[in-house]
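Me: Hi! Got a minute to go through this one with me? I'd like to start with a single residue and work outwards.

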Amino acid sequence: MSLDTTIRAVQKKLGLTVDGQAGPETWSAIHMAIIGKRPMPDAGLDASIRAVQKRIGIFVDGSPGPETWGAIHLAVVGKKPRSDIKNAETPTLAGEGKKADARSEANIMTLLPRIRPFARALIEKAARQGIIIKVTSGTRSFAEQDELFAQGRTKPGKIVSKARGGFSNHNFGIAFDVTIFKGSTDPENAKTPVYESPVYKAIGALGTELGLEWGGNWKTIIDEPHFQLRPGWAVDLSEQEMLADLRGRKDSRKDFFA
């Protein structure tokens, strides 16, 4: 179910004008349905959204994305929105997004154009929470992936990847990794990486709000720095099934999102 369809279903249930546009009237009705009272007259839209997010147990950032609307749909309509429909819409962000720090931009530019705004938006959302992150890994060729796979196996170093070339979403330009950095409030001067921190869970919540898939939610291999944009046609496929299809699309030069 697309975000527009989810919003329309909530509006219909609340007896509102059904237009897929969540303005003050819609949020006031949602606030009433979920919290039990209308927002204060002087409360802004941001405050209303945050109050609803807090009540339904979603990461509170005032920026309602798929996760927020899914929880609202469950609370108001009484069931989760359908998200297992094959050929569902792939999330899209308009524009290129605000340019990030130099290191991030170098990696972001290796991603498919459709993914780049998501990476930039995630950096910006984290910054608004006082968290400095950088995109430290973007697209890898099959050969680069094989080199990474060899580390800790046939080459010195510790094992850092379980995927051979062609078996990682990084090989198709739809995935990126982030790292938290400290040492300065200026991203360009923040040089100290933080590889383990509970803050990665907060970043994961920000990413899922944007419509990204977060590696921290995986059941087998937990990969908290990892984010990817799953194509709509792959929403009900396993990771291995999706990767097999992506390899076929790459060989036939077919659009990964078509």
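Me: Where is the place of I132?

Reply: I132 sits in the loop between α6 and β1. Keep in mind that this is a predicted model.

Me: Sure. Is I132 buried or exposed?

Reply: I132 is buried: its relative accessible area is 15%, and the cut-off for buried is under 20%.

Me: And what does I132 touch, leaving out residues up to four places away in sequence?

Reply: I132 touches T179, I180, F181, S184, T185, D186, P187 and A190. Take S184 from that list: 52 residues separate I132 and S184 in sequence, while their C-alpha atoms are 8.9 Å apart in space.

Me: Nice. On to the largest nonpolar core, which residues touch the most other members?

Reply: That core has 33 residues, and the ones touching the most other members are L122, I133, F176, V178, I203, F227 and L246.

Me: Which helices and strands each supply at least two residues of this core?

Reply: They are α6 (116–128), β1 (133–137), β2 (175–182), α8 (199–210) and α9 (239–252). The largest share is from α6, with 6 residues.

Me: Let me pick F227. What is it in contact with, beyond its neighbours within four places in sequence?

Reply: F227 is in contact with L122, I174, A175, F176, V178, I203, G204, G207, L212, E213 and W214.

Me: What about a second core?

Reply: There is a separate one of 14 residues, with V10, W27, I34 and I49 among them.

Me: Changing topic to helices: how do α1 and α4 pack?

Reply: Helix α1 (residues 3–13) packs on α4 at an angle of about 30°, and the axes are 10 Å apart. Angles under 35 degrees count as roughly parallel, so α1 is roughly parallel to α4. The crossing is left-handed.

Me: Which residues meet there?

Reply: From α1, L3, T6, I7, A9, V10 and K13 meet P66, W69, I72, H73, V76 and V77 of α4. By class, this contact has 9 nonpolar, 2 polar and 1 charged residues.

Me: And at what angle do α3 and α4 pack?

Reply: Helix α3 (residues 45–56) and helix α4 (residues 66–77) pack at about 65°, with axes 10 Å apart. That angle makes α3 roughly perpendicular to α4. The crossing of α3 and α4 is left-handed.

Me: Who makes that contact?

Reply: V52, Q53 and I56 do so on α3, with T68, A71 and I72 on α4. They divide into 4 nonpolar, 2 polar and no charged residues.

Terms used: Residues numbered from 1 in each chain as written. Predicted model: local features only at pLDDT ≥ 70, side-chain atom pairs only at ≥ 80, totals over all residues. Heavy atoms only, no water. Core = buried A, V, L, I, M, F, W, Y, C linked by side-chain atoms within 4.5 Å. Buried < 20%, exposed > 50% of the residue type's maximum accessible area, 1.4 Å probe, protein only. Helix = DSSP H or I, 4+ residues; strand = E, 2+ residues; numbered from the N terminus. Contact = heavy atoms within 4.5 Å. Axes fitted to C-alpha atoms, helices over the stretch in contact; angles between N-to-C directions. Parallel < 35°, antiparallel > 145°, perpendicular 65-115°, else oblique. Left-handed = near helix turned anticlockwise from the far one by under 90°. Nonpolar A, V, L, I, M, F, W, Y, C, P; charged D, E, K, R; others polar.
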